[in-house]
Amino acid sequence: MPQEQKSDRRYDLIVWDWDGTIMDSTPTIVHCIQQACRDLGFKEPDDALASSVIGLGIQDSLRRAVPWIEPVNFPKLTDRFRFHYLAKDHELDLFVGIRELLENLRADKYLLGVATGKSRVGLDRSLKHHQIGHLFHETRTADESFSKPHPGMLLELSDVTQVPTRRMLMIGDTTHDLDMASNAGVDAVAVTYGAHPSDTLKTSQSLAHVDDVPQLAQWLKENL
């Protein structure tokens with residue numbers, strides 16, 4: 001069980017979502033879902049529906065984004081999505097200012113984690129490509145834990161880092177992130193520059209809504 005740590009800080013472990021929070025990938029994911037549907041002759045979801053599922057594991061995402069197709073077709077749709085995403089993956093970049101923010105938090109001795117709907121292979125590939133894997137102490141993905149909004153990833157991160165959930169902070173761009181945090185008893189901050197618009201994010205519990213990375217950095221400076 002996580003052990004209580006003596007600290008003047010409000011939080012010891014800061015957990016980040018990946019797509020739409022650290023990496024500017026929302027438009028690409030939406031495009032790849034739509035292109036996969038076109039490849040197979042399926043009706044494609046509009047931008048709003050496709051972006052609404054970002055943050056979930058790939059199977060959950062596609063079932064929600066394209067609910068009108070037969071379940072037997074999901075493996076083919078998944079394959080086509082992965083094909084298009086891998087073709088674009090190397091072109092994606094981190095949001096401006098995120099690298100510096102993570103480096104500063106690490107230098108200030110905060111523990112950093114990731115809880116993402118990506119696969120383990122996908123997250124590790126992205127961490128290596130952007131050369132920021134060394135900044136994170138622990139990471140969890142949807143294919144090795146429960147998918148959001150189940151609290152499993154955050155509870156596992158709490159156990160392995162020995163940080164109680166009340167001393168953890170989740171940062172994410174979707175209601176899936178915020179609801180996962182709420183289910184785990186973890187505080188959360190919503191960023192509005194990712195997949196879910198501000199009005200949607202307001203339907204879930206969070207301490208604050210920030211519109212860009214500089215605002216996020218300022219909030220963290222004032223509240224950690």
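Buried means under 20% relative accessible area, exposed means over 50%, and partly exposed covers the values in between. The exercises below apply these terms to a predicted model.

**Exercise 1. Determine whether Lys148 and Asp177 are buried or exposed, and describe how they are linked.**

Step 1. Lys148 falls in the buried class, as does Asp177.

Step 2. A salt bridge joins Lys148 to Asp177, with the closest N and O atoms 2.5 Å apart. The pair links distant parts of the chain, since Lys148 belongs to the loop between β3 and α7 and Asp177 to helix α8 (residues 175–184), 29 residues apart.

Step 3. The pairing extends to a further residue: Asp17, Lys148 and Asp177 are linked in a network of salt bridges.

**Exercise 2. Identify the salt-bridge partners of Arg120 in Asp124 and Glu144, and state how each pair is placed in the chain.**

Step 1. Begin with Asp124. Its salt bridge with Arg120 has its closest N and O atoms 2.9 Å apart. The two residues are four positions apart in helix α6, which means that about one helical turn separates them.

Step 2. Turn to Glu144. The salt bridge between Glu144 and Arg120 brings the closest N and O atoms to 2.6 Å. Glu144 lies in the loop between β3 (138–141) and α7 (152–161), whereas Arg120 is in helix α6, so this pair ties together parts that are 24 residues apart in sequence.

Step 3. Assign the accessibility classes. Arg120 has a relative accessibility of 21% and therefore counts as partly exposed. Asp124 is partly exposed at 36%, and Glu144 is partly exposed at 36%.

Step 4. Place these pairs in context: a search of the whole structure finds 12 salt bridges.

**Exercise 3. Classify His130 by accessibility and list its contacts beyond its neighbours within four places in sequence.**

Step 1. Locate the residue: His130 lies in helix α6, which covers residues 120–130.

Step 2. Compare its value with the cut-off. The relative accessible area of His130 is 6%. Buried requires a value under 20%, so His130 is classed as buried.

Step 3. With neighbours within four places in sequence set aside, His130 contacts Met23, Leu92, Asp93, Leu94 and Arg99.

**Exercise 4. Describe the interface between domain 1 and domain 2 in terms of contacts, area and polar pairs.**

Step 1. Define the parts. Domain 1 comprises 13–24 + 93–222, and domain 2 comprises 25–91. Their centres, taken over C-alpha atoms, are separated by 22 Å.

Step 2. Count the contacting residues: 18 residues of domain 1 are in contact with 19 residues of domain 2.

Step 3. State the area. About 1300 Å² is buried between domain 1 and domain 2, and carbon and sulfur atoms give 45% of this area. Arg125, His176 and Ala195 supply 31% of the area that domain 1 buries against domain 2, more than any other three residues.

Step 4. Examine the charged and polar pairs. The count between domain 1 and domain 2 is one salt bridge. The side chains of Asp89 and Arg125 meet in a salt bridge at 2.6 Å, N to O. Nine residue pairs are in polar contact across the interface of domain 1 and domain 2.

Step 5. Characterise the side of domain 1 that touches domain 2: its residues divide into three nonpolar, eight polar and seven charged.

Note on methods. Residues numbered from 1 in each chain as written. Predicted model: local features only at pLDDT ≥ 70, side-chain atom pairs only at ≥ 80, totals over all residues. Heavy atoms only, no water. Domains from an automatic or database assignment. Contact = heavy atoms within 4.5 Å. Buried area = accessible area lost by both parts, 1.4 Å probe. Salt bridge = Lys/Arg side-chain N within 4 Å of Asp/Glu carboxyl O. Polar contact = N/O pair within 3.5 Å; in protein donor to acceptor, adjacent residues only side chain to side chain. Nonpolar A, V, L, I, M, F, W, Y, C, P; charged D, E, K, R; others polar. Buried < 20%, exposed > 50% of the residue type's maximum accessible area, 1.4 Å probe, protein only.
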